[in-house]
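The exercises below ask you to work through a protein chain by hand, with the sequence and the coordinates open beside you. Each task is followed by a solution that goes step by step.

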Amino acid sequence: MSSAEKKRDLNQPVLMVVDDEAGVRQALQLIFNKTFRVIEAISAAEALQKAIEERPDVVLLDIVMPGTDGLEVLKQLRSVQPDCQIIMLSALNTARAAFAARTAFDYVTKPFDVEELRMRVEHAMEKVEMSREIERLKEEVGRKYGVEHVIGKSPQIIDVFKAVSMVAGKKSTVLITGESGTGKELIARAIHYNSDRRSKPFVVVNCAALPDTLIESELFGYEKGAFTNAAQKKIGRFELAHSGTLFLDEIGELNLSTQAKFLRAIEQETFTRLGGTDEIKVDVRIIAASNRDLETLAKTGEFRPDLFYRLNVVSLYLPPLRERRDDISLLLDHFLRLKAQEHSIASKTLSPETVDFFYSYPWPGNVRELENLIERVTILTPHDTVTLRDLPASMRAADQTAVAKEDVLHGDRALGDAVDEFERELIVKALQRTGFNQTKAAMLLGTSRRILKYRIEKLKITEPGQTRGEPEFSPYQAAQKP
């Protein structure tokens, strides 16, 4: 056999035939050697050795072999190569064969129909490939939510990284607090996927999205007939998260009754489905998150103090984006690349004025708002460079000065008009802060009352409540107001 053929064979899936009859082994070689690299074993010891060395994908195992028990070989093969799928072969339709059919992936009687055997081996291989794809996706998700993929370099976020690394390997309950959009679920996933539970379920419950009438049944499930329309048993999120992590987002929205039942469940690690009597034991790690101050809510009676203390074993605070502006440039670069990849279009660049605007903008929606904005401009901006005029009007309204500067530099507005607009905005705000007292407003602006009066008249600033055609706001009247 040439080296090229050997290489091609090694790239094929591996089928191992374990049978003491040479005729059976040869027949199976002929049937499968075009789609599999077929290896043979005539004894249990040889089968186990080759399973370790060759890591077969599918095994055809005779249930009756001299001096050995096929079911025991099945058990040993599973211990050394748990991912392979085993199909039992037997000439006897006995109770042992029936047991093999329940224990192995599949069971075929001799003499076997070739097409039926092909189909069963094909199904076994499909299951192998599906299992491997699931494991690949789990690894990919784990990498995606690894702490090293959380974007940031500010001292506040570095402290969060350190805390995640320290707490991930423990079973301690974690409470993550911070405003909406700061990335609480992302940090919860980072904790889970950096823990020993990474291959187990990560189950999310958004407490704010579930009405009080449904939250308990969602958490704990219910038995058939527990209430009207309970036509069948439902498994709750608590049970689905067994051996993994249960993440309760916005836990501050739970009603007090559900809080009491939840506290009992996490303390005793048992619960009862609605309408049931059996205690169900679970092994679940709890991570909770809230954008509200649970400690204050506990003091006012809106949140159970005992549940707060039980959750607050390890507390992580995620600062809003306006408190970690050093991370904005990293986040912009990340989302510009990510959104371009997601939509298969060229990555956009940002004008210097737009970047400056982003650094001064308060970001009430935090990182989520920034991500959604970058996706919007990536899709909707027809040119390569995003300018202030490409941003939503509601966002630009937060900094009219920056917008005016951009308009002037692009020739869309005269410099004098922009200066007048800026001056008008300053004077109006000063008058509003001083109760429209002209003298106090002039002091606030660092000018004289005479100059302020002149600018008010020139810019035609009117007192709130007046409409066009009414007498203009009188600086003299404003000065007389207490």
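**Exercise 1. Classify the partners of a salt bridge and place them in the chain.**

Task: Decide whether Arg 264 is buried, partly exposed or exposed, and then find the residue with which Arg 264 forms a salt bridge.

Solution. Arg 264 has a relative accessibility of 35% and therefore counts as partly exposed, since that class lies between the cut-offs of 20% and 50%. Keep in mind throughout that the model is a predicted one. The partner of Arg 264 is Glu 279, and the closest N and O atoms of the two are 3.3 Å apart. This pair links distant parts of the chain, because Arg 264 lies in helix H11 (residues 256-268) while Glu 279 lies in the loop between strand S13 (270-271) and strand S14 (280-281), 15 residues apart. Glu 279 is also partly exposed, at a relative accessible area of 45%.

**Exercise 2. Examine two further salt bridges.**

Task: For the salt bridge between Lys 339 and Glu 375, work out which parts of the chain the pair ties together and state whether Lys 339 is buried or exposed; then treat the pair of Asp 306 and Arg 304.

Solution. The side chains of Lys 339 and Glu 375 meet with an N to O distance of 3.8 Å, which falls within the 4 Å cut-off for a salt bridge. Lys 339 belongs to helix H14 (residues 328-342) and Glu 375 to helix H16 (residues 366-380), so the pair ties together parts that are 36 residues apart in sequence. Lys 339 is buried, with a relative accessibility of 3%, whereas Glu 375 is partly exposed at 23%. In the second pair, the side chains of Asp 306 and Arg 304 form a salt bridge at 2.7 Å, N to O. Asp 306 has a relative accessible area of 33% and is partly exposed, and Arg 304, at 28%, is likewise counted as partly exposed.

**Exercise 3. Find the nonpolar patch and the loop beside its helices.**

Task: Identify the residues that make the nonpolar surface patch and the helices that supply them, and then inspect the backbone of Phe 436.

Solution. The patch is made by Phe 422, Leu 426, Leu 444 and Leu 445, and its area is about 340 Å². Helix H19 (415-433) and helix H20 (438-445) each supply at least two of the patch residues. Leu 445 lies in helix H20 and is partly exposed, with a relative accessible area of 34%. The loop between H19 and H20 holds Phe 436, which has a positive phi of about 60 degrees although it is not a glycine. At 15% relative accessibility, Phe 436 counts as buried.

**Exercise 4. Compare two positive phi values.**

Task: State what kind of residue follows helix H9 and what sign its phi has, and then locate Ser 243 in the chain.

Solution. In helix H9 (residues 212-220), the buried residues include Ile 215, Leu 219 and Phe 220. The helix is followed by Gly 221, whose phi is positive, near 75 degrees. Ser 243 has a phi near 75 degrees too, here in a residue other than glycine. Ser 243 is found in the loop between helix H10 (237-240) and strand S12 (245-249), and its relative accessibility of 23% makes it partly exposed.

How values were computed
Residues are numbered from 1 along each chain as its sequence is written. This is a predicted model: local features need pLDDT of at least 70, side-chain atom pairs count only at pLDDT 80 or more; totals for chains, interfaces and linings use all residues. Side-chain values use heavy atoms; hydrogens and water are left out. Buried means under 20% relative accessible area, exposed over 50%, partly exposed in between (1.4 Å probe, protein chains only). Helices (H or I, at least four residues) and strands (E, at least two) are DSSP runs, numbered from the N terminus. Patches are made of residues with over 30% relative accessible area and no salt bridge: like charges are joined within 9 Å, nonpolar side chains (Val, Leu, Ile, Met, Phe, Trp, Tyr) within 5 Å. Accessible areas come from the Shrake-Rupley method with a 1.4 Å probe; for residues, only the protein chains shown count as cover.
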